[in-house]
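Please look at the structure shown here before reading on. The paragraphs after it go from a pocket to a metal site, then to the strands and two loops.

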Amino acid sequence: MSFTLPQLPYAYEALQPYMSKETLEYHHDKHHKAYVDKTNELTATGEFAGKSLEEVVVGSFGKNAPLFNNAAQHYNHLHFWKWMKPNGGGSKIPGALEKAIVDGLGSVDKMKEEFVAAGVGQFGSGWAWLALKDGKAVVMKTPNGENPLVHGAKPILGCDVWEHSYYIDYRNRRPDYIKAFLDHLVNWEYAEEMFAKARG
Ligand code: MN3
């Protein structure tokens, strides 16, 4: 199976002023494309040839770092583009997901606070996550390309906190970027879709 770079589900300028055209051009066309190309190169032959992306991610974790890093980043970015939309964000969260957030984390505001703290607290490159673990909504952070799949959980929402995701628009102000992501960019309907799949 060969993996392909998906098109962005919106125009490059659609997320401005919170995420610029220039950031999306570099992040999608250069960074994400490199992950896809490398994953294809490393799965052309060998034990992962023909496996699904999730099988490659989970199967290579802790065993084949170059493959894991690229395949996991392909997985993370596939969803990351869909976790955003123009005029997104805010606290209007579909009912079943909102209930899971309140049950697991106390309130939507509390979840957002923890999500920002996770992203800010991730030293160096990584991701902040809202995930489903043991049936409960939790906030997590992971380094580099790691994601909830390799930590016994399923992702509901993820925010890329690698500098390539915000440095053009926010310079060193990672907290402002994560707050803008939550307040203006999140596609909660897609998070709800991921939540429904995670719950099975
Ligand atoms: Mn990235």
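How do the residues of the lining of the largest pocket divide into nonpolar, polar and charged? In this predicted model, the count is 7 nonpolar, 1 polar and 3 charged. The lining consists of Leu53, Glu54, Tyr75, Leu78, His79, Leu149, Lys154, Pro155, Met194, Lys197 and Ala198. The charged members are Glu54, Lys154 and Lys197, while His79 is the polar one. The space inside the largest pocket comes to about 180 Å³.

Where along the chain does the lining of the largest pocket come from? At least two of its residues are supplied by each of α2 (53-60), α3, β3 and α8 (188-199). In terms of domains, domain 1 (21-82) and domain 2 (95-199) each give at least three residues to this lining.

The next site is the manganese ion. Its protein donors are His27 through NE2, His77 through NE2, Asp160 through OD and His164 through NE2, at 1.9 to 2.1 Å from the ion. Written along the chain, the donors follow the spacing H-x49-H-x82-D-x3-H. Within this set, the pair of His77 and Asp160 links distant parts of the chain. His77 sits in helix α3 (residues 65-82) and Asp160 in strand β3 (residues 154-160), with 83 residues separating them. Are these two donors, His77 and Asp160, buried or exposed? His77 is buried, and Asp160 is buried as well. Helix α3 and strand β3 thus appear at both sites: they hold this donor pair, and each also supplies at least two residues to the lining of the largest pocket.

Strand β3 leads on to the strand pairing. β1 pairs with β3 in the antiparallel sense, over 6 bridges, and in this pairing Ala131 stands opposite Pro155 of β3. Pro155 is also one of the residues that line the largest pocket. β1 pairs with strand β2 (residues 136-143) too, again in the antiparallel sense, over 8 bridges. Two of the facing positions can be named: Gly126 stands opposite Pro143 in β2, and Lys133 stands opposite Lys136 in β2. The hairpin of β1 and β2 has 2 residues between the strands, and Asp134 takes a positive phi near 50° there. How many of the residues of strand β1 are buried? Strand β1 (residues 126-133) is mostly covered, with 7 of its 8 residues buried.

Two loop residues complete the tour. Gly62 belongs to the loop between α2 and α3. Its relative accessible area is 79%, so Gly62 counts as exposed, the cut-off being over 50%. Gly62 and Ala100 are 38 residues apart in sequence, and their C-alpha atoms are 31 Å apart in space.

Pro86 is found in the loop between α3 and α4 (95-105). Pro86 counts as partly exposed because its relative accessible area is 34%, which falls between the limits of 20% and 50%. Pro86 and Asn187 are 101 residues apart in sequence, yet the distance between them is 8.4 Å, C-alpha to C-alpha.

Conventions:
Residues numbered from 1 in each chain as written. Predicted model: local features only at pLDDT ≥ 70, side-chain atom pairs only at ≥ 80, totals over all residues. Heavy atoms only, no water. Donors = N, O, S within 2.8 Å, 3.2 Å for Na, K, Ca; no water. Helix = DSSP H or I, 4+ residues; strand = E, 2+ residues; numbered from the N terminus. Buried < 20%, exposed > 50% of the residue type's maximum accessible area, 1.4 Å probe, protein only. 1 Å grid on protein atoms, 1.4 Å probe; cavity = no way out; pocket = protein on both sides within 12 Å on 5 of 7 lines; lining within 4 Å. Points joined across faces, edges and corners; volume = space filled by probe spheres on them. Domains from an automatic or database assignment. Pairing = 2+ DSSP bridges.
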